[in-house]
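Student: Could we go through this structure together, with the reasoning behind each answer spelled out?

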Amino acid sequence: MTLRSNLAVGSSRWAVRRAQWRALGLTDEEMTKPKIAIVNSSSNLAICFSHLDDIVPPLKEAIRAAGGVPFEVRTAAPSDFITSAGRDGRYILPSRDLIVNDIEVAVEGALLDGMVCLASCDKTAPGQLMAAARLDIPTIVVGCGYQPSGRFRGEHVDIEEVFLAAGHVAAGRLSLPDLTEMSDNAIRGPGVCAGMGTANSMHIASEALGMTLPGSTPVLANSPRMWADVRRAGERIVAMVHEGLRPSDILTPEAFENAVTVLLAVSGSVNAIKHLQAVAVEARRAVDVPALFERYADEVPLLAAIRPNGPHFIEEFEAAGGALAVLKQLAGHLHLSARTVTGQTLGEVLAGVTVADEEIIRPVDRPLGRRPGIVVVRGSLAPDGAAVKRPVDDRGPARFEGRAIVYPSRDAALAGLAAGEIRPGHVVVVAGLGPKGGPGMGMASAVVFALDGAGLGDQVAVVTDGQMSGLVNTGIVVAEVSPEAAVGGPLGLVEEGDRIAIDVSARTVDLLVPAEVLAERRQRFRARPDSGERGWLAVYERLVTPVAEGAVLTKGAVLTKGSVLTEEGNE
């Protein structure tokens with residue numbers, strides 16, 4: 001095939017590109033070879049990314065050995081636990097789309113031929129998948145591993161315990177020295193959070209989509225398996241360029257159905273809903289991801305209970321066979337004709353796979369349960385849907401009805417809790433945190449963990465148009481309510497004392513206010529004025545689509561009845 005990077009559109013362009021690359025040490029022979037971007041979201045700000053720079057040299061060697069020429073490309077490197085400190089956590093979701101555009105500028109601007117994307121913390125894998133779908137050049141996503149956990153007074157401890165314990169300190173149920181000691185021991189090396197949070201969920205989703213080499217997720221960071229996967233990716237990407245195997249060949253509607261099926265089977269992060277929807281938009285596929293979660297909720301059995309959803313550790317899940325073993329167990333529920341980055345179909349990949357431990361990853365005829373861990377709810381309070389995360393054992397109430405107590409921000413809700421305003425029976429409404437209302441989707445996780453620390457986790461419910469950490473699954477929490485409050489969604493019409501009913505089993509969330517009263521409130525509603533932000537959040541505020549559509553910045557993308565997305569209704 002003709003390589004994009006070798007296209008000489010005019011002699012002057014060819015000459016200056018050659019001058020630049022010759023100065024970097026490239027030979028004339030190398031200039032005829034496939035040019036491969038190594039997309040490296042590296043940063044010293046967070047442990048999630050601290051090992052990625054070490055991955056680049058052996059990956060370059062593998063690409064060169066396979067006949068390609070590697071170019072390292074740096075992008076933004078957001079970490080939920082670090083980047084959430086500023087602007088109430090509102091940079092977190094917009095950082096995903098910053099990664100997408102970083103990649104587009106560097107890779108498309110240089111007309112490189114393929115990409116190997118080093119995926120780490122929560123927003124890198126979805127951002128890289130979105131970029132792959134948008135650019136449609138051969139791409140492999142490499143999950144770069146989870147962090148090793150530690151011990152605290154003889155017991156396992158990881159970042160989840162620290163996150164949860166912080167709320168207990170605020171409520172006086174745990175001492176600050178104990179929390180400090182837990183923090184000192186929770187993380188023993190680089191990589192993403194050790195659990196079925198958003199990062200590991202999206203790494204597994206990448207494999208289920210066919211965009212990651214089979215058998216490579218999840219993996220312990222810096223383990224021999226991770227290094228072997230890195231070398232495999234370097235070898236394979238060059239072959240993909242020669243074969244012309246592109247994301248559009250892999251990211252089919254059937255691939256998205258496979259990914260949703262796997263995430264339901266492992267009770268993955270609710271954040272995967274909007275991320276997969278965003279990838280579908282960039283892939284120009286008319287896939288309604290929330291509807292897929294609704295459709296398959298009662299069909300897909302729960303096969304794994306990995307913390308924070310159940311008792312097993314991510315290390316045990318990896319040893320049992322990881323994502324590939326889950327795919328094997330689910331074979332009867334999957335589209336086996338879907339293609340993967342290997343060039344094989346999923347069915348061909350799974351032909352020789354065995355499951356190492358069927359207690360950790362159950363067969364479909366002996367599941368852990370049949371209640372979905374990821375639940376999409378709808379109703380008069382969320383006409384376009386909202387997300388609820390449930391633990392595997394489905395502990396706690398499935399239904400809640402109570403009086404609303406309304407807060408305009410995360411900090412206001414935390415102050416209200418500290419002041420004793422929130423009491424058993426309340427539905428805590430935190431509105432105005434949606435993509436436009438933030439702007440940049442606000443994190444409401446601190447409210448949930450503070451309520452749990454105060455002993456109110458099962459005695460109140462939380463409803464918000466903000467997002468939650470993938471580690472949140474305590475109590476009844478309805479997040480990502482759409483339409484959001486800032487654009488006139490029903491959540492913005494809720495007033496103190498209104499009754500709200502949530503039924504997770506029936507998958508409903510309703511505002512129990514007469515229609516004529518809501519109509520009168522809507523007449524008085526005024527859209528929130530421009531936030532006054534000046535930087536990246538201002539750009540995001542102007543362009544972002546609703547969260548039910550993936551919260552993307554792809555202007556004019558609309559769903560059609562066909563198999564692709566068109567812009568502004570034009571085929």
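The questions below concern model confidence and two pairs of helices.

Student: What is the mean pLDDT of the protein chain?
Tutor: This is a predicted model, so confidence is a sensible starting point. In the chain, 95% of the residues reach a pLDDT of 70 or more, although over residues 560-571 the value is below 50, and that stretch has 27 contacts in the model beyond near neighbours in sequence. The mean pLDDT of the protein chain is 92.

Student: How are α6 and α7 oriented relative to each other?
Tutor: The axes of helix α6 (residues 159-170) and helix α7 (residues 176-185) come within 10 Å and cross at roughly 170°. Angles over 145 degrees count as roughly antiparallel, and therefore the relation of α6 to α7 is roughly antiparallel.

Student: How many nonpolar residues does the contact of α6 with α7 have?
Tutor: From α6, the residues Glu161, Val162, Ala165, Ala166 and Val169 meet Leu179, Met182 and Ser183 of α7. Sorted by class, this contact has 1 charged residue and 1 polar residue, and the number of nonpolar residues is 6.

Student: Is α8 oblique or roughly parallel to α15?
Tutor: Helix α8 (residues 198-209) and helix α15 (residues 322-329) have axes that come within 9 Å and cross at roughly 50°. Because of that angle, α8 is, relative to α15, oblique.

Student: Is the crossing of α8 and α15 left-handed or right-handed?
Tutor: The two helices meet through Ile204, Glu207 and Ala208 in α8 and Ala323, Leu324 and Leu327 in α15, a contact with 5 nonpolar, no polar and 1 charged residues. As α8 passes α15, the crossing is right-handed.

Key:
Residues are numbered from 1 along each chain as its sequence is written. This is a predicted model: local features need pLDDT of at least 70, side-chain atom pairs count only at pLDDT 80 or more; totals for chains, interfaces and linings use all residues. Side-chain values use heavy atoms; hydrogens and water are left out. Axes are lines fitted to C-alpha atoms, for helices over the stretch in contact, and angles run from 0 to 180 degrees between N-to-C directions. Helices (H or I, at least four residues) and strands (E, at least two) are DSSP runs, numbered from the N terminus. Angles under 35 degrees count as roughly parallel, over 145 as roughly antiparallel, 65 to 115 as roughly perpendicular and the rest as oblique. Contact means heavy atoms within 4.5 Å. Ala, Val, Leu, Ile, Met, Phe, Trp, Tyr, Cys and Pro count as nonpolar, Asp, Glu, Lys and Arg as charged, and the others, Gly among them, as polar. pLDDT is the predictor's confidence in each residue, from 0 to 100. A crossing is left-handed if the near helix is turned anticlockwise from the far one by less than a right angle, and right-handed if clockwise.
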